Each structure stands twice: as structure tokens, then as C-alpha cells.
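Student: Got a minute to go through this one with me? I'd like to start with the helices.

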Amino acid sequence: MPVPPPRSRAPLLALCAALLLSGAQAQSAPPPPPTSPPATTAPATAAPAGLGLPDLLLALRASPGWRSADLNYQAAVLALQSARTRAGLSVTAGADSSLSRVPWDGGEWKGAATVTLSASVAVLPWSPALAAVRSAERALIAAALDLRAARAAQTAALFQALGGLRRAQAGLEAAQAGRALAERLLTVTEAQRAGGLATEAGVLERRAALEAAVAGQDTAARAVTQAAQALTRLLGTPVAVAPTVLTAPLPDLTPAGDLDTLLARALRQRPEVARAQAALADAQAGLSAARLDARLPDVTASVRAGQLADAQGNPGRTVGASLNLKAGVLGVQASVPLRDTGAAVSGVALSLNASLPLLGRPQDAALAQAELGAAQAELGLASARQAAELDVRTRFSALDDERAGLQAARTRVQAAELGVQNARARLQAGLGTALEVAQADLTLLQARQALQAAQDSVALAGLALAQATADLDPLLPTLPAPLPTGGQP
């Protein structure tokens with residue numbers, strides 16, 4: 001993305017024009033001794049014992065955004081565990097007791113108690129419990145990609161914040177140099193005014209330029225503070241940044257491969273595409289379940305064996321099993337009465353229950369809704385793929401645009417270096433002034449800062465492309481080797 005010039009450079013252009021107009025007059029006056037720029041309070045980010053880039057990446061792991069992404073992934077893991085628990089073996093123990101008196105007049109109170117143990121498990125593949133497990137597994141895969149994307153976004157945000165801090169620091173440095181030059185110009189003009197070589201209007205113009213430079217320096221200092229605060233908000237705690245982070249090139253994390261390769265990786269790794277695929281799989285599973293519910297009757301087969309009944313019709317010790325065809329759940333139950341069951345009759349009982357609604361079938365409406373949901377999920381997947389493809393193409397073009405302007409910035413630095421050499425040679429030959437040398441130094445400083453800004457723009461554009469293709473490694477602090485750097489002149 002193009003890096004906007006610092007706001008403090010506007011008054012510098014006026015100073016440049018003013019210097020060119022007064023160059024001839026400045027030759028007749030002896031150059032004043034150079035004045036040192038006013039002392040400014042160094043921001044906390046320029047502390048000598050600051051954090052380097054690997055330390056900042058490690059500190060990012062404790063940021064609120066990073067921890068929030070971890071919690072979202074842990075929630076998906078717990079959801080899968082819960083679904084597997086519901087679909088797995090379930091064992092329940094229970095007790096039943098009663099007290100009866102028959103007949104009411106003259107009868108005796110009789111108590112009965114029964115202990116039951118039942119177990120159930122989903123066995124058929126179309127069981128809703130097993131379908132919920134498969135849905136939770138797909139959700140976990142999507143959550144893993146979301147976690148990786150969230151970490152990559154936090155990493156990209158860190159580099160963006162560092163890029164903003166670097167631009168603000170460069171703007172402050174340029175503003176300080178501009179103020180120093182404005183002070184020298186004012187001193188020369190005042191001396192010329194005392195010798196009758198300048199007018200009062202010229203002095204006022206120089207003084208106004210100095211006031212503008214002072215205001216620009218204050219604005220640049222506030223910009224540095226705001227950039228440091230943005231980094232603090234991202235990390236969740238104030239940090240001191242090492243000076244090398246503000247001067248060394250940003251890491252070059254541009255993904256390798258041509259546009260077609262990057263598009264294929266993005267469609268395979270982008271979290272929104274994975275979520276759309278999971279939503280389509282859920283919709284298709286829901287459609288299959290709706291079709292099965294509409295066509296398959298509710299059938300339950302059961303068997304019970306043991307002491308089925310005594311003389312009073314009370315069951316004794318029995319075991320039983322049942323299978324619900326639609327729910328796909330197999331259940332087993334054992335019943336043990338806490339009384340004498342010697343008089344009970346033993347046997348086996350088989351039963352088959354089936355029901356199929358004929359009128360007022362909600363299954364038809366549910367089937368139509370499931371078909372509509374599947375169609376919507378297909379459109380959502382196509383839309384997610386198109387959005388991912390457009391994002392990659394846009395950022396790929398942005399990277400080419402930033403690279404196209406890099407060579408021009410390098411040429412401007414070479415021209416500015418040549419201008420400094422010429423200004424110093426003219427000064428040594430008595431054909432130039434010290435102010436011309438100072439102006440050439442300021443031009444060189446601005447050209448170098450523009451080159452650094454162009455290099456940062458290339459690095460950040462490559463990082464944005466890596467984020468678009470989901471190639472940005474969120475575990476950068478674990479890399480044993482130094483991070484790659486690019487964009488060197």
C-alpha cells in the first residue's frame with residue numbers, strides 16, 4: 001500500500017523554495033556556526049534496552065487477540081468431546097420402589113423395590129448422534145484454520161504497527177532536521193537584515209517558516225506517541241522497542257509461487273472457504289437425514305428374557321435389548337427386583353413397534369427446508385471461493401505496484417547522494433554555501449526515508465499477500481533461523 005508522506009514535510013518544501021531564492025544573498029554573508037537541534041524527549045520506543053523483533057513476536061502470544069483465538073479453538077475442541085460423549089456408550093443406574101395395600105379394607109401393606117441398569121450406544125451410521133460427531137469434527141477443522149488465520153492476522157497487525165512506528169519515527173527525524181535548517185536560515189536572514197541585505201518581510205517569512213517547522217516537529221512527536229500507543233493496544237501492555245527494529249528492514253514474508261499456485265493454496269487453506277465447505281457438508285448431511293426421516297418409519301425392535309411375570313403379574317429378574325431403526329440407538333437393560341422371585345415364570349418376549357404418519361406430516365416441510373439449505377450452502381461456498389480469489393488477485397497486484405516504485409526511490413537516493421557531493425565540492429571551491437550543503441543533506445535524508453518507506457510498503461504488501469493465501473506462518477517465534485529480509489537497495 002502507498003505510504004503517505006509525513007505531515008511535517010509540508011513546511012520543508014517551503015523552506016526549500018525559500019533557500020533557493022536566497023542562495024545568492026547567503027553567499028555574501030559568512031555562514032553562522034551550525035546550531036544543534038533542540039533537545040526532544042525520546043519516545044519510549046527508542047529505549048536502548050528495548051525488545052527485538054523475535055521478542056515482540058513472543059510477546060504477541062500473550063496479547064488479548066491471540067488468547068481469544070486460542071479460547072475459540074478450545075471451545076470447538078470441547079464441543080467435539082461433548083458430541084463424542086453423547087454418541088458413545090451411556091450407562092445409567094436407577095431404582096424403583098412402591099408400597100401397596102390390596103384390598104384397602106383388611107389388606108396388608110406390601111413393598112417392592114427394583115434396581116435397573118441400562119446402557120445405550122449409537123450404532124447405525126445415520127444416527128443423529130453420530131451425525132453430530134461428524135459435524136463437530138468438521139467444525140473443529142474449520143476452527144483450526146480460524147485459529148491459524150487469527151494468529152496470522154495478529155502477526156500482520158504487529159508488522160503493520162511496527163511499520164507505522166517506523167514511519168512516525170522517520171517523520172520526527174525529518175522534522176528535527178527541518179527545524180534545524182529553519183533556525184539556520186533565520187539566523188542568516190537576520191544577519192543579512194542587520195547588514196542591509198534583507199528586508200523585514202524576509203525576516204518575518206523566515207520566522208514563520210521556523211514556527212511552522214516547530215509545529216511540524218510537535219506534530220511528528222505526537223505521531224510517534226500515537227504509533228507507540230497503537231503497538232501497546234495490540235500487545236496489551238507497554239513495551240520498549242529496540243532501535244534496530246526501527247532501522248533494520250522488515251522481514252520479507254512474500255509467499256513463493258505464481259498467481260495460479262497462490263490461488264490454489266488460498267482456496268485450500270482460507271478459513272472462510274473451509275467454513276463454507278463445512279456448512280455445505282452439514283447441509284448435505286441434514287438433507288440426507290431429512291430424506292431418511294421422511295421415508296423410513298419409526299421402527300423399534302425389542303427382546304426381553306428372564307422371569308417375565310409371577311402370579312400377580314409382576315416381572316422378576318429380566319434382561320432386555322432394543323434397537324430403534326430411525327434413531328440408530330441400541331439399548332440394553334437389566335432389571336433385578338429386591339424381593340423373592342422364585343414363583344415367577346421364565347420366558348422370552350419379542351416385540352416390534354412401527355409408526356408412520358399419514359396426515360399432518362412435518363417431514364415433508366423439513367425435507368423442503370433441508371433442500372433449500374443445501375442450495376444456499378452451495379451458493380455460500382461459491383461466494384467464499386470468489387471472494388478469496390479476488391482478495392489474492394488484488395493483493396498480488398498491490399505487491400507488483402509497490403515493487404514498481406522501488407527502483408525510482410533507489411534512483412532518487414543516488415541522485416541525492418550525488419547532490420551532497422556536488423554541494424560539498426562547491427563549498428570547498430568557494431562557489432557554494434554551508435546552507436546549500438545542509439539543504440542537500442536534508443534532501444538526502446528525505447530520499448533515504450522515502451526509500452525505507454517504499455521498502456516497508458513492499459514488505460507489508462508481501463505480508464498481506466501471505467495473509468491472503470493463508471501462508472503466513474503464525475508460529476514465527478519458533479523459527480530457529482533469523483527471519484528473511486528483502487527490499488534492500
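Tutor: Sure. Helices here are DSSP runs of H or I with at least four residues, strands are E runs of at least two, and both are numbered from the N terminus. The expected span of a helix is 1.5 Å times one less than its number of residues. This is a predicted model, where local features need pLDDT of at least 70, side-chain atom pairs count only at pLDDT 80 or more, and totals for chains, interfaces and linings use all residues. Residues are numbered from 1 along each chain as its sequence is written, and side-chain values use heavy atoms, leaving out hydrogens and water.

Student: OK, how far apart are the end C-alpha atoms of α9?

Tutor: They are 36 Å apart, which agrees with the 36 Å expected for its 25 residues, 271–295.

Student: And what do the buried residues of α9 pack against?

Tutor: They pack against α5, α8 (259–269) and α10 (362–404), with contact meaning heavy atoms within 4.5 Å. Among those buried residues are Val-273, Leu-280 and Leu-287; buried is under 20% relative accessible area, exposed over 50%, partly exposed in between (1.4 Å probe, protein chains only).

Student: What about α6, what span should it have?

Tutor: Its 36 residues (200–235) should span 52 Å, and the end C-alpha atoms are 53 Å apart, which agrees. Just after α6, Gly-236 has a positive phi of about 85°.

Student: Switching topic: where is Val-123?

Tutor: Val-123 sits in the loop between β2 (108–122) and α5 (128–194). It counts as partly exposed because its relative accessibility is 41%.
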